[in-house]
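I opened the notebook today to look up a sheet, the helices against it, and one loop residue. Here is what I looked at.

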Amino acid sequence: MNQKHTDRYAVIGNPVAHSKSPLIHSEFARQTEQDIIYTAEQVEPGQVAEFIKKFQSENGKGLNVTVPFKEDAFKLASHLSNRARRAGAVNTLLLNDPEHYYGDTTDGIGLCNDLIQNHNITLKDKTILILGAGGAVRGVLELLLNNKPAQLVIANRTVEKAVQLASDFSDLGNITASSFENLAGQKFDLIINGTSASLSGDLPPLPDNLLNKHATIYDMMYGAKPTVFMEWGQQQGAEQCFDGLGMLVEQAAESFFIWRKIRPVTADVITKVRSILTP
Ligand code: ATR
């Protein structure tokens with residue numbers, strides 16, 4: 001392999017050392033026989049534009065972008081996919097052209113592919129509750145609504161943020177906002193946790209009895225152990241409880257497809273990443 005001419009890809013973030021993306025993309029590359037190098041690069045705040053120029057000069061062809069640079073990437077992209085424009089954030093940059101960067105966001109498709117293809121869940125005509133109203137939730141609403149649920153409710157601690165999101169996406173389907181306490185008495189087929197509460201082991205203050213029969217619980221966070229939200233779902237009688245590891249691998253697969261125009265198979269990669277998670 002002549003490394004000088006090998007296409008390079010990377011994830012940029014700060015911090016970024018913990019990222020699973022290098023492992024995931026090298027597995028995809030091996031499986032699809034693509035000769036690429038993928039690394040994790042820590043970038044300092046304010047240095048993203050400079051980093052991209054240098055990366056391109058070293059054969060950099062694409063980037064994944066994680067916290068805290070998703071808005072920077074959005075601003076730097078000269079062309080945006082419609083879904084990235086709606087999300088207001090970019091997690092994938094295609095850098096084939098030295099002047100024009102193409103920005104996309106693959107989180108929504110990652111979530112929906114994990115739910116629908118990996119877990120066999122139907123979204124059409126279902127009642128869905130999503131918790132949180134930050135960037136993580138904004139990034140997945142369009143794709144969820146594209147699947148035509150009967151109802152999508154956004155509940156958030158700061159209810160005004162949920163109201164704003166519901167209004168921003170109201171042209172795409174039946175989407176409404178709620179506080180946590182006002183959810184009492186409603187029933188859902190699927191509850192997705194898109195808050196960052198799981199990071200600190202917290203649980204949003206949810207009323208009991210929100211689950212329909214055969215309901216599914218999905219936490220966009222993941223870990224070696226079930227999250228507190230998944231434990232809550234089990235206590236509440238959910239039929240299935242999933243974490244977001246599959247979403248992580250699926251959003252990566254969509255990025256890989258944008259860059260290499262070839263779609264990797266994800267199942268073995270999900271198993272592999274799961275096997276190296278440490279408590
Ligand atoms: P991200 O990019 O991960 O979405 P964010 O934009 O900071 O991060 O949003 C975090 C989300 O988690 C918000 O919806 C936040 O609620 P507020 O808008 O009321 O701040 C939610 N969140 C964080 N910690 C929470 C907790 N302990 N309980 C409930 N919601 C929480």
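Sheet. I started with the strand order in this predicted model. I read an open sheet of six strands, ordered β9-β8-β7-β10-β11-β12, and the pairing is parallel. Next I looked for the edges: β9 (175–178) and β12 (240–242) are the edge strands, each pairing on one side only. I also noted the twist, which averages 20° from one strand to the next.

One edge, in detail. I followed β12 to its neighbour and found that β11 (residues 211–219) pairs with β12 in the parallel sense, over three bridges. For a single pair within this ladder, I noted I217, whose bridge partner in β12 is C241.

Helices on the sheet. I then turned to α6 (residues 135–146), which lies across β7 (127–131), β8 (151–155), β9 and β10 (188–193). Against β7, helix α6 runs at about 170°. Helix α7 (residues 159–168) also packs on the sheet, where I found it touching β8 and β9. The direction of α7 makes about 175° with that of β9.

A loop residue. My last stop was Q34, in the loop between α1 (21–32) and β2 (36–42). Is Q34 buried or exposed? Its relative accessible area is 19%, and buried means under 20%, so I wrote Q34 down as buried. Which residues does Q34 touch, leaving out those up to four places away in sequence? I listed A29, F256, R260 and I262.

Key
Residues numbered from 1 in each chain as written. Predicted model: local features only at pLDDT ≥ 70, side-chain atom pairs only at ≥ 80, totals over all residues. Heavy atoms only, no water. Helix = DSSP H or I, 4+ residues; strand = E, 2+ residues; numbered from the N terminus. Buried < 20%, exposed > 50% of the residue type's maximum accessible area, 1.4 Å probe, protein only. Contact = heavy atoms within 4.5 Å. Pairing = 2+ DSSP bridges. Axes fitted to C-alpha atoms, helices over the stretch in contact; angles between N-to-C directions.
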